[in-house]
Amino acid sequence: MNFPSELKYTKDHEWVSISGNEATIGITDFAQRELGDIVYVDINSVGTEVSKEEVFGTIEAVKTVSDLYMPVTGTILAINDELNNGPELVNSDPYGNGWIIKITISDDSELEGLLSADDYKALVGA
């Protein structure tokens, strides 16, 4: 499994790439493997501020549906439109073309609660 060291992680298996006051969010390689084949990603909250740990959407695999939790409070700037026609990008490229949303971070102090790659590896037993 892949755990890029430049990313931050959550206990709910999301990854966060931070650039200034913006962040790109997706699910981890571990999470997509656990879910199996992704068939649908449902997010309909562009322009909405979502608080840390609130549900911002769902991700549907062949056998299950999982909630997506906001890693830090922020306003959703963009949703990855490529997932509408190709949700399998989350499986094939979870840290690249399979990103899910981009946000403006509302509270920088919440970033301190995110996990490092090593901490996340320990969490999932990798």
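## A charge over a ring

Let's start with lysine 102, which lies over the face of tryptophan 99, 4.7 Å from the ring centre. Please keep in mind as you read on that this is a predicted model.

## Aromatic pairs

Lysine 102 has a ring for a partner, but rings also pair with one another here: the structure holds 3 aromatic pairs. In one pair, the ring centres of tyrosine 9 and tyrosine 120 are 4.9 Å apart and the planes meet at 10°, so this pair is stacked. Tyrosine 9 belongs to strand 1 (residues 8-9) and tyrosine 120 to helix 4 (residues 117-124), so the pair ties together parts that are 111 residues apart in sequence.

Are these two tyrosines buried or exposed? Both tyrosine 9 and tyrosine 120 are buried. Ring pairs also bring in Phe3, giving a cluster of Phe3, Tyr9 and Tyr120.

## Strands 4, 6 and 7

Now for some strand pairing. Strand 6 (residues 55-61) pairs with strand 4 (residues 38-42) in the antiparallel sense over 4 bridges. Within this pairing, valine 41 has isoleucine 59 of strand 6 as its bridge partner.

Strand 6 also runs antiparallel to strand 7 (residues 65-69), and 5 bridges join the two. Among the bridge partners are glutamate 60 and valine 65, the latter in strand 7. The connection from strand 6 to strand 7 is a hairpin through 3 residues.

## Two nonpolar cores

Which members of the largest nonpolar core touch the most other members? They are Phe56, Ile59, Ile100, Ile101 and Ile103, out of 26 residues in that core. At least two residues of this core come from each of strand 3 (22-27), helix 1, strand 4, strand 6, helix 3 (89-92) and strand 9 (101-105). A second, separate core has 11 residues, including Trp15, Phe30, Tyr120 and Val124.

Isoleucine 59 is worth a look of its own. Leaving out residues up to four places away in sequence, isoleucine 59 touches Ile27, Leu35, Ile38, Tyr40, Val41, Thr64, Val65, Ser66, Leu68, Val90 and Ile100. Val41, its bridge partner, is thus listed among these contacts.

## Glutamine 32

We finish in helix 1 (residues 29-35), the place of glutamine 32. Why does glutamine 32 count as buried? Its relative accessibility is 8%, and the cut-off for buried is under 20%. Beyond its neighbours within four places in sequence, glutamine 32 is in contact with Ile27, Val90, Asn91 and Pro94. Ile27 and Val90 also appear among the residues that isoleucine 59 touches.

Definitions and conventions:
Residues are numbered from 1 along each chain as its sequence is written. This is a predicted model: local features need pLDDT of at least 70, side-chain atom pairs count only at pLDDT 80 or more; totals for chains, interfaces and linings use all residues. Side-chain values use heavy atoms; hydrogens and water are left out. Buried means under 20% relative accessible area, exposed over 50%, partly exposed in between (1.4 Å probe, protein chains only). Contact means heavy atoms within 4.5 Å. Two strands pair if DSSP finds at least two bridges between them. A nonpolar core is a set of buried Ala, Val, Leu, Ile, Met, Phe, Trp, Tyr and Cys residues joined through side-chain atoms within 4.5 Å. Rings of Phe, Tyr and Trp (its six-membered ring) pair if their centres lie within 6.5 Å; planes under 30 degrees apart count as stacked, over 60 as edge-to-face and the rest as tilted. A charge sits over a ring if NZ of Lys or CZ of Arg is within 6 Å of the ring centre and within 35 degrees of the ring normal.
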